[in-house]
Amino acid sequence: MEGGRSAGVSGLARPGERQPSLKGGWEQTVAESGGRAVSYFFLLSGPEEVRELAALELWALSGVEAEGVCGVGQVAADVIGAAYTRFCAETIAAGADLEELVAATEAAGVELEGFNIHVWQPAPRAPERPMAAIVRLADAIEGRPDLSHPRVELAVVAQAGHWRLGRVVSAASRDWRQWKPPVDFSAALPPQIARAMLNLVAAPGDTLLDPCCGVGTVVAQAAQRGVRAVGVEISKKLAGRAAECVYGARPGVLIVAGDGREIGGRFDAAVVDLPYGRSSLITQGLYGDLLGNLSGLVQRAAVVAAEPIGQVLEQAGFGQVRMARVRSNQLTRYVHLVGRPTPAS
Ligand SMILES: C[S@@+](CC[C@H](N)C(=O)[O-])C[C@H]1O[C@@H](n2cnc3c(N)ncnc32)[C@H](O)[C@@H]1O
């Protein structure tokens, strides 16, 4: 995926190397401490139904593969705009259970002033009472806690067999919640999913196209992240609704009433939420035409459909990088992360 923002495409940097460019993401040299490589862990949020998309978003943001709700890598990542990643923390200590974690924390000789500890116990079962863990770990750290004005946020992820303590270096602002899609358009993407799709392909400063923008959910999320977005919608009524919803509150975006098959120009990336169901606007060959046109405009795209459409994407000129399913009561969405093949150099 040329120019892709997925560190996962090229793998992780080794200590001392630079992170492969995340295209506007957070480049950082892998830190070393006393000859020891520093590791970072990430916590995912959201129910089981969105776990695949959450893992894909983490991979796109950091290059890290999640195992369950946690991912561990050698490089930090900025997750402030993430939809499903809660935080990135620099590992202080790890162990199989609380006893081991406390011993490892003591052995690490941690000195911190004004810290606060938050314990995350991912479902299904809390392995320990959080307060007991907080007290034990606070005792193992040199320095005083400060719960009201902490200078250092510490996070514990407590999973059966895997406990980790770390210093939070980046936390999600969860600002995707500020956008409320109009209730009268049932096909609108939930804002959290729209944000995750945006994060698969675009970073602040990029240009983005949504050729089937509906009421503008993706465009609104893009604007919020400083991504310059153009939304195109064939229904004049919906385009008007999108403009009404998005303009004013979200400067730097454009909504156009038009046909997504006829757009020209160049954009860094696209997010496409293809029409589905019994819409009269879905004609034979629509997906192929929309995606065929799109592959001449962008290098990478996140495409959601109500079924797997790998073949259509391939015929349109995209190579599929990865796919994630998002299940809900009404439908399963198939999110395809695709890129244009890199010309041989
Ligand atoms: C699944 S909805 C997208 C919803 C959108 N993501 C949102 O959150 O509001 C698909 C949209 O594609 C639009 N559409 C269908 N054919 C189109 C075309 N040829 N060009 C542009 N938009 C089209 C439909 O009117 C519909 O609003």
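## Helix α6 and its surroundings

In this predicted model, the buried residues of helix α6 are Thr217, Val218, Val219, Ala220, Gln221, Ala222, Ala223 and Gln224. Eight of the eight residues of α6 are therefore buried, and the helix is mostly covered, where a residue is counted as buried if 20 or more other C-beta atoms lie within 10 Å of its own. These buried residues pack against a varied set of elements, namely the helices α5 (191-201) and α7 (236-246) together with the strands β10 (207-210), β11, β12 (253-257) and β13 (269-273). After the helix comes Gly226, which has a positive phi, near 75°.

Val219 shows what this packing looks like for one residue of the helix. Leaving aside the neighbours within four places in sequence, Val219 is in contact with Asp210, Cys213, Ala229, Gly231, Ala242, Val246, Val253 and Ile255.

## The shell around the ligand

Helix α6 also takes part in the surroundings of the ligand. Of the 23 residues around the ligand, those that come nearest are Cys212, Gly214, Thr217, Gly260 and Asp273. Two elements, α6 (217-224) and β11 (228-233), give two or more residues to this shell. Sorted by class, the shell holds 15 nonpolar residues, while four are polar and four are charged.

## The largest nonpolar core

Val219 appears again in the largest nonpolar core, which has 106 residues, and there Met197, Val219 and Ala301 touch the most other members. The helix that gives the most to this core is α2 (residues 51-62), with eight residues. Because domain 1 (7-79 + 84-171) and domain 2 (178-339) both give residues to the core, it lies between them. As background, nonpolar side chains in soluble globular proteins tend to be buried together.

## A sheet of seven strands

The model also has an open sheet of seven strands, which follow the order β4-β5-β3-β6-β9-β8-β7 and are joined by mixed pairing. At the edges stand β4 (66-67) and β7 (115-120), and each has a single partner strand, so one side of each is left without a neighbour in the sheet. In general, the strands of a sheet pair through backbone hydrogen bonds, either parallel or antiparallel.

Strand β3 (residues 40-44) pairs with strand β6 (residues 85-95) in the antiparallel sense, over five bridges. Within this pairing, Phe41 has Ala89 of β6 as its bridge partner, and Leu44 is matched with Thr85 of β6. Strand β3 is also joined by four bridges to strand β5 (residues 70-73), and these two strands run antiparallel; here the bridge partner of Leu43 is Cys70.

## How strand β3 is enclosed

Is strand β3 covered on both faces, or where is it left open, is best answered residue by residue: Tyr40, Phe42 and Leu44 on one side are buried, and so are Phe41 and Leu43 on the other, which leaves both faces covered. Since five of the five residues of β3 are buried, the strand is largely enclosed by the rest of the structure.

## The chain as a whole

The chain contains nine helices and 16 strands. Of its 345 residues, buried residues make up 46%. Among contacts between residues at least 6 apart in sequence, 68% join residues that are at least 24 apart.

Definitions and conventions. Residues are numbered from 1 along each chain as its sequence is written. This is a predicted model: local features need pLDDT of at least 70, side-chain atom pairs count only at pLDDT 80 or more; totals for chains, interfaces and linings use all residues. A residue is near a molecule or strand if its C-beta atom, placed from the backbone, lies within 6 Å of it. Ala, Val, Leu, Ile, Met, Phe, Trp, Tyr, Cys and Pro count as nonpolar, Asp, Glu, Lys and Arg as charged, and the others, Gly among them, as polar. A nonpolar core is a set of buried Ala, Val, Leu, Ile, Met, Phe, Trp, Tyr and Cys residues joined through C-beta atoms within 7 Å. A residue is buried if 20 or more other C-beta atoms lie within 10 Å of its own, exposed if 12 or fewer, and partly exposed in between; C-beta atoms are placed from the backbone. Domain bounds come from an automatic or database domain assignment. Two residues are in contact if their C-beta atoms, placed from the backbone, lie within 7 Å. Two strands pair if DSSP finds at least two bridges between them.
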